[in-house]
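Here is a friendly round of questions for you to work through with the model open. Take a look first, then read on.

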Amino acid sequence: MPVSDINVAIELRRRRRRRRNLMIVGIVAAVVILAVAAIWVVRNTTVFSADTVEVRGQRLVTASQVEQAAKVQKGQPLARVNTDEIADRVTSVSVVQQAKVHRKWPHTIVIDVTEFKLAYQVKTSGGYLWIDSAGIMFNRTTKPTPKVMWATTASGDRALLRDVATVVNSFPAELRRQVDHIEAKSRDSIVVVLSGKRTVVWGSANQSELKGKVTAAMLNVKASRFDVSSPEHPTAR
């Protein structure tokens, strides 16, 4: 092949390569411009605005109460909504243990609510306080909640409330059916009152699971007072 033809072929390949490279650069530039434009639209216009709030998982509070606490600024770009701040505001509601917030495009903020779980209720002169397993007081009612254990306590000390929850959660089914209520004067002086005017001196919440099993095993004994404060050496009289 003549040298001139070789040079022409090389030049043609160079031109094709140059056009291909220019095309690739153009495509990449176009993609970047579109991406930047899309981000700008999402973050700075109301095309994707926060127009609705969806609340899920609530039982003790209404969706409107959660939405009121959330204080979602409707109409702002959805991408600019601070979901962590909304979650913090929702957890300020007394019955809400946890709130998870996320965006549902194109126009919705979703709030998933987890409420505290009632372990037992404390009877007071003004009504009934709801207590969870960690000893947290999260609700108040004027009347007792049916089929939920109740107790009287000497104070609202969280450690004492938590100990009572430990005792409540340790009851085997056969024992729970016979429990009337619990009296807790202090953390070391917990008494379980059974039906038929029987009492169980529980002592502290330590070894509650064992104490529950021991008490359940003693229920057939004819006695009015059981003492399982030392579960290895229970007594009945």
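Q: Is Glu 54 buried or exposed, or partly exposed?
A: Residues here are numbered from 1 along each chain as its sequence is written, and side-chain values use heavy atoms, without hydrogens or water. This is a predicted model, in which local features need pLDDT of at least 70, side-chain atom pairs count only at pLDDT 80 or more, and totals for chains, interfaces and linings use all residues. Buried means under 20% relative accessible area, exposed over 50%, and partly exposed in between (1.4 Å probe, protein chains only). Glu 54 has a relative accessible area of 25%, so the label is partly exposed.

Q: Which residue meets Glu 54 in a salt bridge at 3.8 Å, N to O?
A: A salt bridge is a side-chain nitrogen of Lys or Arg within 4 Å of a carboxyl oxygen of Asp or Glu. The partner is partly exposed, with a relative accessible area of 35%. The side chain that meets Glu 54 belongs to Arg 56.

Q: How far apart are the closest N and O atoms of Asp 112 and Arg 56?
A: Asp 112 lies in strand 3 (residues 108-115) and Arg 56 in strand 1 (residues 52-56), so their pair ties together parts that are 56 residues apart in sequence. Strands are DSSP runs of E with at least two residues, helices are runs of H or I with at least four, and both are numbered from the N terminus. The salt bridge between Asp 112 and Arg 56 has its closest N and O atoms at 2.7 Å.
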